[in-house]
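Work through the exercises below with the sequence and the model open. Each task is followed by a solution in steps.

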Amino acid sequence: MPQWNRPAVGLAATLSACVLLLTACSGDSGGGGSDDTITIGVSLPLTGDFSEPGKGVQRGYEAWAESVNADGGLLGREVELKILDDQSNADRVVQDYEALIAQDQVDLVFGPFSTRLVVPSARVASEYGMLFVEPAGAAAEVFDQGFENLFYAAPAIADDHYNHLAEHILSLPEGERPQTVAVAAMDDPFAQGTAYGLRDKLAEAGLDVLVDEVYPPNTTDFSSIAAKISDSGADVVIGGTQYQDAVNLIVALQQLDYQPQLAAFSTAPTNPEFSAAIGERTEGILAPTGYTPEAPWPSNVEFVERYTETHGNPPAEDEANAFTTGQVVAAAVEAVGCAEQGECQQQLIDWLRENEVETVVGPLSWDDRGRPQSAHMIQQYVDGGIRIVLPADAAEAEFLHPKPEW
């Protein structure tokens, strides 16, 4: 795999990234690029409901392309990203991948953000026989579609994100173990998958689910849901969330002075902007993560150093999973020795089915549905910073239970 072992160079000098929003880049009349470039097509939610994490994925893809080009490219050819804005819309993402593959004749494609966008775009890629590695479609339904071309570039699928937390809660002495649960989840397969995976494991062990709410993705007023949770007095609150919805829900719960023993929210707490949005009352908040900047994997050490130099802060999980997507595709391309539409795509797919890839989130391998064969860690805000607390052999800090008041 290419490694970041060259002097730092500016993004403009090393990355030929063509970011398309509503119109085509000037001077580009289509086609997969010259013989000297490998063009990779991507559609991302740069506006709309998923724009915050979508922009994180964009940063991760661009960081990967910069690193590859600084190291001589793929197969000795420069990588060019062609990125479209799907506006967080499933119909638009289908149009985007149709255009990228059929009209622009890109050589490779990377997946978008969100299960809602991954499933329809993977279907387009499958129809064209394209390898489809994606960074953010973790819901179980992604892997129940029969896709033979899809690989998820993270350690575990959504339903299993909280496995370590569930095991820890259920291992507590009976007098310390929470007894009741409240759940609020966005109407989104990934968000619900993470929340319901934990909810169901706790319910099966005898904890009572007192509140179980679902809300539309565009919800901004969480006062009524927060009131139901607060009135229930549940020991554990679980949020199946993306970003802004988690911020709004947590603020609403804090305003009601609801004080759970444990508070777990997917995605949002790992975002660099989360602490500023919540203020100083993040202590004890939990989130699953497939990534930590402190991971000792060689490519991650270089990734964090270079990303931090460019952006002023270390990468978050969305950036890391996007970078991982690039690493996975690059490993297959370098091993097989090709990167173009046609028979090459099946060769890339077949190689990934049989091999393990070293990435910034650790070594990855997949089953026949494209599900990764690893597990997520659990992070918690401890002493003002987010730290790995589970599993014990990866812990950077002691698990806080009960959580401090917020």
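The exercises concern a predicted model and cover its cores, pockets and salt bridges.

**Exercise 1. Find the residues that touch the most other members of the largest nonpolar core, and the helix that gives this core its largest share.**

Step 1. The largest nonpolar core has 101 residues. Those that touch the most other members are I40, W64, I229, L253 and L352.

Step 2. Helix α11 (residues 317-336) supplies the largest share of this core, nine residues.

Step 3. Take L352 as a case. Leaving out residues up to four places away in sequence, L352 touches L131, V133, F151, V328, A332, V357 and W366.

Step 4. Separate from this is a second core of 23 residues, with A195, V236, I378 and L390 among them.

**Exercise 2. Describe the largest pocket and the second largest pocket by volume and lining.**

Step 1. The largest pocket holds about 380 Å³ of space. Its lining has 20 residues, and T270, P293, P314, P315 and I386 lie nearest the centre.

Step 2. Two or more lining residues come from each of the strands β12 (377-382) and β13 (385-390).

Step 3. Sorted by class, the lining of the largest pocket has nine nonpolar, seven polar and four charged residues.

Step 4. For the second largest pocket, the volume is about 290 Å³. It is lined by 18 residues, of which W297, V361, G362, S374 and A375 are closest to its centre.

Step 5. The lining of the second largest pocket divides into eleven nonpolar, six polar and one charged.

**Exercise 3. Which parts of the chain does the salt bridge between D144 and R369 tie together, and are its two residues buried, partly exposed or exposed?**

Step 1. The side chains of D144 and R369 meet with an N to O distance of 2.9 Å.

Step 2. D144 sits in the loop between β5 (132-134) and β6 (150-152), and R369 in the loop between α12 (343-354) and β12, so the bridge ties together parts 225 residues apart in sequence.

Step 3. Exposed means over 50% relative accessible area. D144, at 51%, is therefore exposed, while R369, at 36%, is partly exposed.

**Exercise 4. Classify the partners in the R199–D200 and R371–D367 salt bridges as buried or partly exposed.**

Step 1. The closest N and O atoms are 2.8 Å apart in the bridge of D200 with R199, and 2.6 Å apart in that of R371 with D367.

Step 2. Buried means under 20% relative accessible area. R199 at 16% is buried, and so is D367 at 17%.

Step 3. D200 at 32% is partly exposed, as is R371 at 26%.

Step 4. Elsewhere, salt bridges with shared partners join R116, D187 and D188 into one network. The whole structure has ten salt bridges.

Key
Residues are numbered from 1 along each chain as its sequence is written. This is a predicted model: local features need pLDDT of at least 70, side-chain atom pairs count only at pLDDT 80 or more; totals for chains, interfaces and linings use all residues. Side-chain values use heavy atoms; hydrogens and water are left out. A nonpolar core is a set of buried Ala, Val, Leu, Ile, Met, Phe, Trp, Tyr and Cys residues joined through side-chain atoms within 4.5 Å. Buried means under 20% relative accessible area, exposed over 50%, partly exposed in between (1.4 Å probe, protein chains only). Helices (H or I, at least four residues) and strands (E, at least two) are DSSP runs, numbered from the N terminus. Contact means heavy atoms within 4.5 Å. On a 1 Å grid over the protein atoms alone, a cavity is a set of points where a 1.4 Å probe fits but cannot get out, and a pocket is an open set with protein on both sides within 12 Å along at least five of seven lines; lining residues have an atom within 4 Å of a point. Grid points are joined across faces, edges and corners, and a volume is the space filled by probe spheres set on the points. Ala, Val, Leu, Ile, Met, Phe, Trp, Tyr, Cys and Pro count as nonpolar, Asp, Glu, Lys and Arg as charged, and the others, Gly among them, as polar. A salt bridge is a side-chain nitrogen of Lys or Arg within 4 Å of a carboxyl oxygen of Asp or Glu.
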